[in-house]
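Biologist: I have the sequence and the fold open side by side. Before I use your labels at the bench, I want the reasoning behind them. Can we take them one by one?

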Amino acid sequence: MLPSSSIVQNYINGEWSAPNAETYLEVINPATIEVLSKVPLSPASEVDRAAVAAQTAFPAWRRTPATERIQYLFKLKALLEEHNEDIAQTITLECGKTIAESKGEMRRAIENVEVACGIPILMQGYNSEDIARGIDEHMIRQPLGVTAIITPFNFPGMIPFWFMPYAIACGNTCIIKPSERVPLTMQKIFHLIEQTGLPKGVINLVNGAKEVVDALLDHAAIRAISFVGSSPIAKYVYSRAAANGKRSQCQGGAKNPVIVLPDADIAMTTKIMADSAFGCAGQRCLAASVAITVGSAKTTFTDAIAEVASTRQVGFGLDSGVQMGPVITNQSKTRIEDIIQQAETEGATVLVDGRSPKVSGYENGHFVRPTILQDIDPAGEIAKTEIFGPVLSLIHLDSIDDAIALVNRSQYGNMASLFTSSGAAARKFRYEAEAGNIGINIGVAAPMAFFPFSGWKESFFGDLHGQGWQAIEFFTQTKVVVERWHDWTRQF
Ligand code: NAD
């Protein structure tokens with residue numbers, strides 16, 4: 001048994017505990033490869049404990065007026081602001097992104113709390129008087145019960161907040177299962193949740209991997225599943241949740257194309273594209289992965305992006321001046337470098353080669369420098385595969401029609417962007433592109449908290465997305481009431 005201080009804990013029914021797990025994984029700083037902690041892969045019995053706690057807490061929480069429920073969210077917002085620096089540092093330590101990126105991530109988390117504080121009005125239903133003589137009809141929204149949230153490694157602070165504030169503001173209780181690779185951020189955040197005085201069992205935390213996910217999918221008390229991760233697992237979660245009669249919203253992987261037209265402002269496009277392709281070391285589901293140049297943009301954009309990619313400062317995200325951190329694990333680094341090798345074998349030119357970089361002071365870190373692949377076969381594997389690393393592939397086509405056709409051939413539909421100064425081209429793109437998040441002169445078209453995070457195709461399984469109105473629809477069930485209150489003393 002490991003000493004409990006070095007072990008990541010679960011938070012169930014308002015209490016911290018270390019589960020009796022058979023397996024523990026090391027939580028590693030990907031820049032320094034220092035072991036930060038150990039995370040238990042909890043057994044299914046921990047999910048049962050959490051589900052029972054959440055189910056027990058539900059009746060009283062549901063009866064708590066929405067105006068009272070949101071007071072806990074106001075407190076949580078204040079605590080998240082107060083501890084922003086500390087949480088951001090934890091994200092950088094376990095996930096590798098720069099401190100500025102970690103702070104940006106927490107900003108969006110806080111914005112979701114702010115939006116959910118509007119629940120007294122957002123959760124309202126609607127009504128019609130006199131649908132027949134003396135009869136009225138109302139639609140009211142009621143919470144579902146226990147909900148579960150399963151998240152990936154790349155935004156350990158933000159992604160749980162695409163769902164959790166809405167779930168509890170609507171009167172549900174919930175269980176969060178963070179990625180086993182980055183469990184420390186939620187440890188910090190749950191210590192803040194504890195300080196809000198939220199009733200026991202309303203929000204629970206269970207750490208682990210597949211066994212925990214399967215137990216959440218199978219548990220009879222859990223009504224809804226929110227998932228974010230890779231497409232194969234998203235599809236699996238969606239199918240198993242449906243087979244068990246649960247509603248689910250499952251966000252998957254991506255391969256985001258960006259079209260650069262000859263009339264784009266190349267200096268601005270290059271700066272934005274570099275941030276999109278190489279920010280968070282390319283480990284963003286909204287990272288630009290393929291740049292499709294049209295006409296003369298081929299040379300102007302290629303020259304400019306190659307220059308920026310070669311000069312990007314790579315290192316430990318807490319060090320000043322660092323623009324890009326490491327990728328999450330050594331397996332990720334090897335996988336990304338193998339894909340670059342495969343591209344070369346298939347005939348691509350490695351214009352900027354980020355393999356096996358020397359990062360002074362962090363020689364053992366999981367670093368891949370920005371990489372640019374040219375002469376990619378539009379129909380080949382590299383143009384289709386999600387790389388999830390700092391690799392930008394360049395494809396040249398002759399017209400915007402060909403470029404949009406290529407965008408629409410993708411199996412994914414998370415984001416597509418266009419850089420242009422033409423309103424007509426922008427409208428055509430917005431109208432025709434088959435992706436749920438569209439950027440026009442924007443590199444990372446991340447919806448604000450009051451808009452849905454709208455993936456399409458293999459990037460999303462379900463119908464109601466996270467954030468905004470759709471989250472409220474997801475976390476409530478509608479009830480329609482038809483009422484006749486006859487005054488028996490009078491004739492109508
Ligand atoms: P992942 O699919 O490996 O893991 C996501 C979650 O699923 C984790 O909590 C993990 O414990 C669990 N899981 C993993 N394998 C499982 C299995 N076999 N059975 C049951 N549960 C399992 O994803 P990741 O590597 O943590 O994250 C990167 C992926 O997430 C990328 O594909 C990225 O595009 C995607 N992502 C998508 C979005 C979006 O909004 N669409 C946002 C962020 C990340």
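Biologist: Why is Glu26 called partly exposed?

Modeller: Its relative accessible area is 44%. Buried means under 20%, exposed means over 50%, and partly exposed is what lies in between (1.4 Å probe, protein chains only). Glu26 at 44% therefore counts as partly exposed.

Biologist: What kind of model is behind these values, and how is it numbered?

Modeller: This is a predicted model, with residues numbered from 1 along each chain as its sequence is written. Local features need pLDDT of at least 70, and side-chain atom pairs count only at pLDDT 80 or more, while totals for chains, interfaces and linings use all residues; side-chain values use heavy atoms, with hydrogens and water left out.

Biologist: What makes Glu26 and Lys38 a salt bridge?

Modeller: The term asks for a side-chain nitrogen of Lys or Arg within 4 Å of a carboxyl oxygen of Asp or Glu. In this pair the closest N and O atoms are 3.5 Å apart, so the pair qualifies. Glu26 lies in strand β3 and Lys38 in strand β4, so the bridge ties together parts that are twelve residues apart in sequence. Lys38 is partly exposed, at 24% relative accessibility.

Biologist: How do you know that β3 and β4 are paired strands?

Modeller: Strands are DSSP runs of E with at least two residues, helices are runs of H or I with at least four, and both are numbered from the N terminus. Two strands pair if DSSP finds at least two bridges between them. Five bridges join β3 (residues 24-28) to β4 (residues 35-40), so they pair. They run antiparallel. Ile28 stands opposite Val35 in β4. The two strands form a hairpin with six residues between them, and Ile33 in the turn has a positive phi of about 55 degrees.

Biologist: How many salt bridges are there in the structure?

Modeller: The structure holds 24. One of them joins Lys77 and Glu114, at 2.8 Å from N to O. That pair links distant parts of the chain, with Lys77 in helix α2 (residues 66-82) and Glu114 in helix α4 (residues 99-116), 37 residues apart. Lys77 is partly exposed at 24%, and Glu114 is partly exposed at 35%. Lys77, Glu81, Arg107 and Glu114 are linked in a network of salt bridges.

Biologist: Why is Lys271 called exposed?

Modeller: Lys271 has 57% relative accessibility, which is past the exposed cut-off, so the label follows. Its salt-bridge partner Asp275 has 32% and is partly exposed. Their closest N and O atoms are 4.0 Å apart. The two residues sit four apart in helix α10 (residues 266-278), about one helical turn.

Biologist: How do you know that the span of α12 agrees with a helix of 16 residues?

Modeller: The expected span is 1.5 Å times one less than the number of residues. For the 16 residues of α12 (residues 330-345) that gives 22 Å, and the end C-alpha atoms are 22 Å apart, so the two agree. Gly347 follows α12, with a positive phi near 110 degrees.

Biologist: What makes the buried residues of α12 line one face?

Modeller: The buried residues are Ser332, Lys333, Ile336, Glu337, Ile339, Ile340 and Ala343. Seen down the axis, they fall within an arc of 150 degrees, so they line one face of the helix. The arc is taken from the directions from the helix axis to the C-beta atoms. The face turned away from that side carries the exposed residues Gln331 and Thr345. The buried residues pack against β14 (349-352), β15 (371-374) and β16 (391-397). Contact here means heavy atoms within 4.5 Å.

Biologist: Why is Ser393 called buried?

Modeller: Its relative accessible area is 0%, so the buried label applies. Ser393 is in strand β16. Leaving out residues up to four places away in sequence, Ser393 touches Ser289, Val290, Ala291, Leu373, Ile376 and Ile382.

Biologist: Where is Asn441, and what is its phi?

Modeller: Asn441 is in the loop between β19 (437-440) and β20 (456-457). Its phi is near 60 degrees, a positive value in a residue other than glycine. At 23% relative accessibility, Asn441 counts as partly exposed.
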